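Here is a set of exercises, each followed by a solution that goes step by step. Please look at the sequence and the structure before starting.

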Amino acid sequence: MERTQFYEKVKERLIRYAKVDTQSDHYGKDTPTTQKQFDLARMLCEELISIGASEVFLDETACVVYGKLPSTMPDGGGRPIGFVTHMDTAPDAPGANVKPWVLENYDGGEIVLNREQGIVMSPKDFQNLLGYVGQDLVLTDGTTLLGGDDKAAIASVMTMAEHFLTHPEILHGPVSLAFTPGEEVGGLAKDLDLDRFGAKEAYTIDGDHLGYYMDETFNASEATFTVKGLSVHPATAKGIMVNAADVAAEFLSMLPRFEKPQYTSGREGFFHVIAVNADVEQAKVVLIIRDHDRVQFRHREAYLEKCAETLQAQYGAERVSLSVEQSYRNMKDVIDEYPFLIENLTEAIRMSGVEPKTEPFRGGTDGSALSWRGLPSPNLSAGYENAHGRFEYVPIPSMEKNVEILIRLCGLFGNMPAE
Ligand SMILES: [Zn+2]
């Protein structure tokens, strides 16, 4: 496959970034959850300065890197646009001592990732490989994740930035960049300073399969159902004992049988019990609620409240309680008010010779939270495959294409009035 002018740039960058361990920790109490994310943050900060980006800043507390590219339009105008990508990697597979390597011109067969340990990646297990025959792939040695999620996106963004700064004749509006920590442990980019970031609209770049974009996520909340039981000796319990475990079981039996993750797909929502802890004296059930549709989502929350009320009526309001906490909301309700975000994105993807594709995402993104904080942020795929595991890989042409898509996208925003 023919290499573009971006080939060496994105390859070198992904490999360099992947070698920096930035793994998040589910149980970390600090911000960010691991301090080692600063290693990459500092590297990116220096790199932004060295390529000539403006207003480069590292938030030493929150571990967020900022930078800007001034407009090159003749009048210095254009509509500002931003890109948000995350620096951390998932805790699901080992993330230290990543040894990325490049397989050139993939032949469609099995790939030996690690001869010593006999670790092989086969298209029989990973059919997505067959879409990349003839391409150069960045791979792991089979013992760690790669971290192409989301460093493939950082490599593309940084390469776009460098290209713009070395080619001031290419027209684009003002561009804001941010590299954030903690996405893999539900960080939701909560420490992104929107004033410092500058742009009023943005894209997150994350996710697999080149050309996919996303403007619809779940609405999400977490519910905690608790019971205070009354323990007495079982021999003399009649009419007195309240067995908290039994009440919890009753609550669980009220959940609709098939509205669970294992029975749903597409735009079907669900209840998902993630933890049950119960004995006679106390019980606690934690469950999450998910639905794309806002009205259905509210119905689900109301349904749980009704279950709790029914049990309160039976056992006493002081014994049974339910609390529901919102996690994130579907970005679509926000994004729909900014139709140009998807129009420009799909146009830029098409102009780059890729067919744009989308489907409702059965999860949330940093963009779900950012959108509701006032920074509408649909998502463009970063182009990695098999994320969060040892078989993760990144086709180099997907990163090259993303550089092209981003360049065209910034051009389209340059042609829009500032406000
Ligand atoms: Zn990611």
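Two residues are in contact when heavy atoms of theirs lie within 4.5 Å. The structure used in these exercises is a predicted model.

**Exercise 1. The surroundings of F179**

State which residues F179 touches, not counting residues up to four places away in sequence, and name the residues with the most contacts inside the largest nonpolar core.

*Solution.* With residues up to four places away set aside, F179 touches L44, L48, C63, V64, V65, T85, M87, I154, V157 and M158. Next comes the core itself: the largest nonpolar core has 65 residues, and those with the most contacts inside it are F83, M87, M160 and F179. The largest share of this core, 10 residues, is supplied by helix α10, which covers residues 396-414. There is also a second, separate core of 20 residues, which includes A223, F225, C307 and L311.

**Exercise 2. The zinc site**

Determine which residues coordinate the zinc ion, and explain why its site is called irregular.

*Solution.* The first step is to list the donors: H86 gives NE2, D149 gives an OD atom, and D206 appears twice with OD, at 2.0 to 2.4 Å from the zinc ion. The second step is to consider the angles among the 4 donor atoms, which run from 55 to 143 degrees. Four donors count as tetrahedral if all angles lie between 85 and 135 degrees, and as square planar if opposite donors are over 155 degrees apart and all others between 65 and 115; the angles of 55 to 143 degrees therefore leave the site irregular. The third step turns to the sequence, where the spacing of the donor residues reads H-x62-D-x56-D. H86 in strand β3 (residues 81-86) and D149 in helix α3 (residues 148-166) are 63 residues apart, and the pair links distant parts of the chain.

The last step asks about accessibility, for which buried means under 20% relative accessible area. H86 counts as buried because its relative accessibility is 1%, and D149 is likewise buried, with a relative accessible area of 5%.

**Exercise 3. Aromatic rings**

Classify the ring pair of F57 and Y66 and the ring pair of F258 and Y263, and say how each residue is placed with respect to the surface.

*Solution.* A search of the whole structure finds 11 aromatic pairs. In one of them, the rings of F57 and Y66 have centres 6.2 Å apart and planes at 40 degrees, so this pair is tilted. F57 is partly exposed at 29% relative accessible area, whereas Y66 is buried at 2%. For F258 and Y263 the ring centres are 5.0 Å apart and the planes stand at 80 degrees, so that pair is edge-to-face. F258 counts as exposed, with 52% relative accessibility, while Y263 counts as partly exposed, with 39%.

Ring pairs also link F83, Y203, Y338, F340 and F413 into a cluster. Charged groups can be added to the picture: R196 lies over the face of F57, at 3.5 Å from the ring centre, and the charged end of R3 sits over the ring of Y7, 4.2 Å from its centre.

**Exercise 4. Backbone exceptions**

Explain why cis peptide bonds and positive phi values deserve a separate look, and locate the examples at P32, D150, L188 and H388.

*Solution.* The reason is that most residues other than glycine have a negative phi, and most peptide bonds are trans. The peptide bond from T31 to P32 is cis, with omega near -10 degrees, and P32 lies in the loop between α1 (7-18) and α2 (37-51). Another cis peptide bond joins D149 and D150, with omega about 20 degrees, and D150 is found in helix α3.

Turning to phi, L188 is not a glycine and yet has a positive phi of about 55 degrees; L188 is found in the loop between β8 (175-180) and α4 (194-197) and is partly exposed, at 21% relative accessible area. H388, also not a glycine, has a positive phi of about 70 degrees. H388 lies in the loop between β16 (379-380) and β17 (394-395), and counts as partly exposed at 30% relative accessibility.

Definitions and conventions. Residues numbered from 1 in each chain as written. Predicted model: local features only at pLDDT ≥ 70, side-chain atom pairs only at ≥ 80, totals over all residues. Heavy atoms only, no water. Donors = N, O, S within 2.8 Å, 3.2 Å for Na, K, Ca; no water. Tetrahedral: all angles 85-135°; square planar, octahedral: opposite > 155°, others 65-115°. Helix = DSSP H or I, 4+ residues; strand = E, 2+ residues; numbered from the N terminus. Buried < 20%, exposed > 50% of the residue type's maximum accessible area, 1.4 Å probe, protein only. Phe/Tyr/Trp six-rings, centres within 6.5 Å; stacked < 30°, edge-to-face > 60°. Lys NZ or Arg CZ within 6 Å of the ring centre and 35° of its normal. Core = buried A, V, L, I, M, F, W, Y, C linked by side-chain atoms within 4.5 Å.
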